[in-house]
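Colleague: I'm still finding my feet with protein models. Could you take one part of this one and walk me through it slowly?

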Amino acid sequence: MDTTQHGGLSAEQYQLLVEAITDYGIYMLTPEGLISSWNAGARRFKGYEAHEVLGRHFSIFFTPEDLDLGVPENALRIAQEEGRFETQGWRLRKDGSRFWAHAIVDPIRDADGRLLGFAKITRDMTERRMAEMELHRSQDMFRRLVMGVTDYALYMISPEGIVTNWNAGAERIKGYAPDEIIGQHFGRFYPEEERAAGGPDQALRIARETGKFEKEGWRVRKDGTRFMAHVVIDAIREPDGTLIGFAKITRDITERVRAQQELDKAREQLLQSQKMQAIGQLTGGVAHDFNNLLMAVLSSLELLEKRVPLDPQALRLLGNARQGAERGAALTRSMLAFARRQDMTVEPVDLAELVRSMQEMLGGSLGALVSLETNFPSDLPLAITDPNHLATAVLNLAVNARDAMPGGGTITISADADRDFVRLRVEDTGEGMPQDVLERAREPFFTTKGVGKGTGLGLSMVHGLAEESGGALRLESAPGAGTTATILLPLAAAPSEQPAAPAQQQPPPVSDAEAGALRIIAVDDDPLVLMNTVMMAEDLGHAVTPCGSGPQALEALETQACDLVITDHAMPQMTGLELAAIIAERRPDLPVLLATGYAELPENARALPVLNKPFSQDDLARALTDAAKARLAAPQGAR
């Protein structure tokens, strides 16, 4: 006979006791969930006799919806993994009726920890006579729950604000052990400045008067570090209204707040990126159309200057008109640089030499009140960027610095390098910028200068140049402390790391006279630009056939001799690149010159010579001569 003792009872007595209980269904399950014992309580409110259920799976007591959700299997898994499973829910009797059950599943293990099965206790909670017992048990379970919670600090404080108990979550979040904090005033969790302002007393007063206080704010851990907390204080009262104390719930929301801040920052960056992209697209399109207008104006003025009488007044007026149009062209270049639709030719650049070559121009632009200083180390490595665009960027930054020092001051241009970047700095001793202006400084068309004194594109263009070069633009400024603009540019490879260019046999030079007059087909969908291109080329002595589209140009090539095609790129029906590709198939010896207002072109267009709009007659002459020389210098088989 098994004489194992259970709290003073033998195993046999214990078994008889369990089997005699009628208010609880107490039975054992095998590790697989099969019923291996059955007591009177289980028989009473489940309706099954022992021989009807022994050996069957305990899932027969679950509703169809719980079976679909896998609740029986989940109960055993949680009990095995976590040491206990407890739940309340609808269960089925033998006759199909339902009752509300409170069920507990505990794993049973031997001394070695091997799982022997499960003890399952089920209680019928639908009977009123069980209400008092269930309330007592629920209160006990609630106490255990509160003490075991780790994600929330749950504790009581007296009406005077003294901590009276302390749970595991409070210890984890605030860092105090129970014996270190119980009996202390809860105000120690507040920052010094909030304690001085009466924050703890105000919280208790509001909770006492309204029943609840809720707030988010900084709190202090035992080690002095701060965390962002969501705090709720509820007043606890006796049935007669007497204040017992307060229940305080604190949750550490530092990570949530930080994540929200990161999300807000990312959203702001996305909106800014979308805004910049939209403005860039608009700016690039406007600049392209404006280039065509400037092309017509500048070329007409240039041709007109050759034809008017030598009237000083008329020449002066024409000169003023040209200067105005050229300023428009400079603005267009800034717009295209911002929109990143202007061609960039990156190469290794000696920043010190570039700035030295600009000193005369900078001196003339900055005026007598501004002192210019430079500081470049002798071993400064080369940087990768477009030297022409960088020169424009330096000039823009210098002029901005000058305008920030109306009473004069010093501008310092310097550079240094680390492993990845060369840092080119332009510093001034001017007024500086407040934070709100600094945050908007890179925005296109944003300017604090007066009307007509700035386009607001300077820093946007510098920003675009830095990013297109693979670097970045950094701005540092504060009111009264001046401004430092730093352009980060990638380091160029050391000379030993740069692959040597293969030796090529140079063709003999071709003179301008050998190039001679050309038979040209000019293609542009803008009649004004086309007319002026034709007139400038004819004025240079060439014979020109105008065409308003790519298909029209192809027709002309079928019927007449041609030495060169000059074509716009952005045209309907057929782009300049598409036209050039067809010509290359039909006439591989025929050079094509691409005239474009911006250079947002694919890589396969890099082989074509490009003439940037607006171009002067001298620009056109050089481009035509270079194209003709290249054709004459080419091997016979390539013509």
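Colleague: Let's pick strand 9 and strand 10: in which sense do they pair, and over how many bridges?

Modeller: Keep in mind that this is a predicted model. Strand 9 and strand 10, which covers residues 243-252, pair in the antiparallel sense, and 9 bridges hold that pairing. To find one matching spot across the two strands, look at Ala229, which stands opposite Asp252 of strand 10. Now follow the chain from strand 9 into strand 10: the two make a hairpin, with 5 residues between them. Within that turn sits Gly241, and its phi is positive, about 95 degrees.

Next, look at the other neighbour of this story, strand 8. Strand 8 spans residues 212-220 and strand 9 spans residues 226-237; these two run antiparallel and are joined by 9 bridges. Here you can pick out Glu214, whose bridge partner in strand 9 is Val232. Strand 8 and strand 9 also form a hairpin, again with 5 residues between them. The turn there contains Gly224, which has a positive phi of about 95 degrees.

So when you trace strand 9 on screen, you can check it against both partners: strand 8 through 9 bridges, and strand 10 through 9 bridges. While you're looking at side chains, here's a handy rule: in a regular strand they alternate between the two faces of the sheet.

Technical notes:
Residues are numbered from 1 along each chain as its sequence is written. This is a predicted model: local features need pLDDT of at least 70, side-chain atom pairs count only at pLDDT 80 or more; totals for chains, interfaces and linings use all residues. Side-chain values use heavy atoms; hydrogens and water are left out. Two strands pair if DSSP finds at least two bridges between them. Helices (H or I, at least four residues) and strands (E, at least two) are DSSP runs, numbered from the N terminus.
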